[in-house]
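Please read the following report beside the sequence and the model. It moves from the sheet to the core and then to the aromatic rings.

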Amino acid sequence: MKKLIIFGGITVALIALVAIVMKMYTKSFSPADTVSYENEGLNIVVNYCRPFKKDRQIFGELVPYGEVWRTGANEPTTFTLNQQVKIKNNLLEPGTYSLWTIPKEDAWTVIFNSDIPNWGVKVPSGEANRDPENDVLTVVVPAIKTQDLFEQFTISFDKLKEELDMVLMWENTLVVVPMYTQ
């Protein structure tokens, strides 16, 4: 019995070690980053992993059109805010959400979900690990084709008068999610 317990403990330790090494290995290709916005008491923090284009066709191939994308790599992107904001006439309450998108050529669906799974995709299917039952806010915003090439997936914030824009950029696509404080 003692040998079985020792064998079981070693097996669990090896599985945990492999999981840690795989997580570190995948993040070496898509490093983790944080972008934040602070102004007039509003604090927003986005944690995400930033994959590179690497001569690949991104939208429509690597990231298929019309399918849910974890909006980055590795774990789901998280979006945390301390105050209520208005996004396209919808209120998003303070909290932490996973951020998902459904890219299409001319518009993206942006989804804020109350569940934050450990990994962004289901293994082995590669399907997004999002439960639609936990969607809190869903909006559709235009996708803009640019002449600029964004080699690495990037999220940023731009303040324009009363509007705060969360901007998603990769390849030659730019998506702006307008927000307003109440």
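Two strands are said to pair if DSSP finds at least two bridges between them, and helices (H or I, at least four residues) and strands (E, at least two) are DSSP runs numbered from the N terminus. This is a predicted model, in which local features need pLDDT of at least 70 and side-chain atom pairs count only at pLDDT 80 or more, while totals for chains, interfaces and linings use all residues. Residues are numbered from 1 along each chain as its sequence is written, and side-chain values use heavy atoms, with hydrogens and water left out.

**Sheet**

The chain contains one helix and nine strands, and from the N terminus on its elements follow the order α-β-β-β-β-β-β-β-β-β. The nine strands form an open sheet with antiparallel pairing, in the order S1-S2-S3-S6-S7-S8-S9-S4-S5. Because strand S1 (32-39) and strand S5 (90-92) each have a single partner strand, they stand at the edges, and one side of each is left without a neighbour in the sheet. Neighbouring strands of this sheet are turned against each other by 35° on average, direction ignored; the axes behind such angles are lines fitted to C-alpha atoms, for helices over the stretch in contact, and angles run from 0 to 180 degrees between N-to-C directions.

The table lists antiparallel strand pairs together with their bridges.

| Strand pair | Bridges | A bridge partner or opposite residue |
|---|---|---|
| S3 and S6 | five bridges | Thr80 opposite Thr96 in S6 |
| S6 and S7 | six bridges | Thr101 with Val110 in S7 |
| S8 and S9 | eleven bridges | Phe157 with Met166 in S9 |
| S4 and S9 | two bridges | Val85 with Thr181 in S9 |

Two of these pairs are also hairpins: S6 (residues 95-103) and S7 (residues 107-113) form one with three residues between them, whereas S8 and S9 form one with two residues between them, where Lys161 in the turn has a positive phi of about 55°.

**Burial and core**

A residue is called buried under 20% relative accessible area, exposed over 50% and partly exposed in between (1.4 Å probe, protein chains only). On this scale, 41% of the 182 residues of the chain count as buried. Seven of the nine residues of S6 are buried, so this strand is largely enclosed by the rest of the structure, and S9 is mostly covered, with 14 of its 19 residues buried. The chain exposes about 10,300 Å², of which carbon and sulfur atoms supply 57%; accessible areas come from the Shrake-Rupley method with a 1.4 Å probe, and for residues only the protein chains shown count as cover.

A nonpolar core is a set of buried Ala, Val, Leu, Ile, Met, Phe, Trp, Tyr and Cys residues joined through side-chain atoms within 4.5 Å. The largest such core has 34 residues, of which Ile44, Phe79, Phe112, Phe157 and Met166 touch the most other members. At least two residues of this core come from each of S1, strand S2 (42-49), strand S3 (77-81), strand S4 (85-87), S6, S7, strand S8 (135-160) and strand S9 (163-181). In soluble globular proteins, nonpolar side chains tend to be buried together.

Contact means heavy atoms within 4.5 Å. Not counting residues up to four places away in sequence, Phe112 touches residues that include Phe79, Ile87, Leu92, Tyr97, Leu99, Val136, Leu137 and Met166. Among contacts in the chain between residues at least 6 apart in sequence, 56% join residues at least 24 apart.

**Aromatic rings**

Rings of Phe, Tyr and Trp (its six-membered ring) pair if their centres lie within 6.5 Å, and planes under 30 degrees apart count as stacked, over 60 as edge-to-face and the rest as tilted. The structure holds eleven aromatic pairs. The rings of Trp69 and Phe153 have centres 5.2 Å apart and planes at 70°, so the pair is edge-to-face. This pair links distant parts of the chain, with Trp69 in the loop between S2 and S3 and Phe153 in strand S8, 84 residues apart. Both Trp69 and Phe153 are buried.

Phe79 and Phe112 also form an edge-to-face aromatic pair, 5.0 Å centre to centre with 70° between the planes. Here too distant parts of the chain are linked, since Phe79 lies in strand S3 and Phe112 in strand S7, 33 residues apart. Phe79 is buried, with a relative accessible area of 0%, and Phe112 counts as buried at 0% relative accessibility. Tyr48, Phe59, Trp69, Trp108, Phe153 and Trp170 form one aromatic cluster.
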